[in-house]
Amino acid sequence: MPTLLAPSLSPPAAARRRAAWPWVATVLRIGLGVVAIAAGASKIGDIPASVRAVRAYELLPEPLVVAAGSALPFVEIVLGALLVTGLLTRWAALGFGLLLVAFAVGIASAWARGLAIDCGCFGGGGAIDPDQTQYLVDLLRDVALIAVAAVLVRHPRSRLSLDSALDLEPVRKELN
Amino acid sequence: MAEDRLSKAQRREEARLAAQRIKEEQERKARRQRNLAIVLAVVGAILVGGTAWMIIAESRQPVLADIELRPEGSTLSGGIPVGPDGVAGVTEGAADDAVTVAVYSDFMCPICSQFEQINGETLAELRESGDIVLEYHPVTILDRTSQGTAFSTRSATAAAFVASEAPEEFVAFVDAMFANQPEEGTPGLSDAEIADVAREAGVPEDVAAQIESSAYLGSGADDPETFGPWVNAATSQASKDLGRLGTPTITLDGEKLDVEKYNWTEEGVLAQAIEDARG
């Protein structure tokens, strides 16, 4: 089919992209949600470890360390559940995106200060041997996830979502 | 006239349809807003309530001073000090200017075992001569590497139990635990195996039997009649005191040993660091 329509490829191709987008968004949304749930689930069984992981960054004052470390796994799981089910997609993607930005800042700062810590992204955390740090890998993964979150904030409309079932999707401009 | 009337009727019909469309659009908008309000309220309540609950639960964890059952003679930083007599919790006989050498280790940590192999003898000699007080800090940060058996927590709890019930065999028990260290990623030693290590170290049978039967763990990590709460609070205190808690960490009179300057894997370096700390 595409070859037959070759002369006027551009408008139908754009239309096809528009039609395919909600499915692409669905994959991105569920993928991001699964990552968030995996990150939260790996920490929630050992909250003291999560607190220690946050403390190891030496960025937050002690009362905030305990608050952030104990709340983080729960918040990640809730945001992940929202993304997987497609409820409040835009806001969940924004929330998790901001969290990821905070993580990236923390990792970059730990790297810049020469700390030897495990990022604690999926459990664990704390001081490790200096040759075992993997800041670059952690940061690249973070940046990729931030990009996915940003795309979902901009275009949250997707298939198989509670947002569409509950009629919560943002109204399309052209319909207004 | 007829044409006029028809167009009037048409116009009326069109106006009616337009009104209906506006009404439907308004209802749709109202429904969307109502759904959004409900969803936001529910999600918001879950987030705020759950987050608050997690934070409160964690910040209510007791600190060491609040723990009822602590190993005899242990410090409020979570250390079990040993002096010249080699008895857990007893430091009498050490020199007045003895350096307190605190060793934070997890029984599952391979580098901690390496540290013991390389420096154990030196530290024992310095301790026996009263030049240092050796402070054991069993911390539990590697529970996730024992396939769910929480070997780090069990072994640290066993160490605290031995320090209390068989203080004279404590040092030998810790040495034997490192000598029999399981590999990371395995279930670690069972309670029966830990009991065998205790027997090997000369721990009396009645104490070893309580390890073998898992009685030393009581009904769980927060059973106040066991050393579980002490072990958890001690690890938490170690994390607060050290900032970045990794194992092994060595402090000399509370100062973290600078491993760039003093590479303890080399013979004599740790002794030198201790001498320098004594000044």
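1. Let's start where the two chains meet. In this predicted model, the contact draws on 25 residues of chain B and 29 residues of chain A. On the chain B side, α1 (2-59) and α7 each put in at least two residues. The largest share comes from α1(B), with 14 residues. If you sort the chain B side by class, you get 9 nonpolar, 10 polar and 6 charged residues.

2. Now look at α7(B), one of the helices on that contact. How many of its 15 residues are buried? The count is 13, so you can think of α7(B) as mostly covered, going by the rule that a buried residue has 20 or more other C-beta atoms within 10 Å of its own. Right after this helix, G243(B) takes a positive phi of about 75 degrees.

3. There's a nice length check to try on α7(B), which covers residues 228-242. At 1.5 Å a residue, its 15 residues should span 21 Å, and the end C-alpha atoms are 21 Å apart, so the expected span and the model agree. While you have a helix on screen, here's a handy bit of background: an α-helix has 3.6 residues a turn, so residues three or four places apart point the same way.

4. Next, zoom out to the whole of chain B, which has 8 helices and 5 strands. Following the sequence, they come in the pattern α-β-β-α-β-α-α-α-α-α-β-β-α. Why call this chain more spread out than a compact globule? Its radius of gyration is 32 Å, well over the 19 Å that the globule rule gives for 279 residues, so chain B is more spread out than such a globule. Its C-alpha atoms fill a box of roughly 125 × 45 × 35 Å along the principal axes.

5. The domain split is worth marking on your picture. The assignment for chain B gives domain 1 (1-60) and domain 2 (72-278). The C-alpha centres of these two domains of chain B lie 64 Å apart. As for the inside of the chain, buried residues make up 41% of chain B. Of the chain B contacts with a separation of 6 or more, 67% are between residues 24 or more positions apart.

6. The strands of chain B deserve a look too. What is the order of the 5 strands in the open sheet? They run β1-β3-β2-β4-β5, with mixed pairing. At the edges sit β1 (80-82) and β5 (255-256), and each of them pairs on one side only. As a general reminder, strands of a sheet pair through backbone hydrogen bonds, either parallel or antiparallel.

7. For a pairing you can check by eye, take β4 (residues 249-252) and β5 of chain B. These two strands run antiparallel and are joined by 2 bridges. Find L252(B) and look across: E255(B) in β5(B) stands opposite.

8. Finally, chain A. This chain has 6 helices and 2 strands, in the pattern α-α-α-α-β-β-α-α. The radius of gyration is 20 Å, well over the 16 Å that the globule rule gives for 176 residues, so chain A is more spread out than a compact globule. The C-alpha atoms of chain A fill a box of roughly 60 × 35 × 25 Å along the principal axes. Buried residues make up 41% of the 176 residues here. Among contacts in chain A between residues at least 6 apart in sequence, 72% link residues at least 24 apart.

Terms used:
Residues numbered from 1 in each chain as written. Chains lettered and ligands numbered in written order. Predicted model: local features only at pLDDT ≥ 70, side-chain atom pairs only at ≥ 80, totals over all residues. Pairing = 2+ DSSP bridges. Helix = DSSP H or I, 4+ residues; strand = E, 2+ residues; numbered from the N terminus. Expected span 1.5 Å × (residues − 1). Buried ≥ 20, exposed ≤ 12 C-beta atoms within 10 Å, placed from the backbone. Domains from an automatic or database assignment. Contact = placed C-beta atoms within 7 Å. Nonpolar A, V, L, I, M, F, W, Y, C, P; charged D, E, K, R; others polar. Rg over C-alpha atoms; globule rule 2.2 N^0.38 Å.
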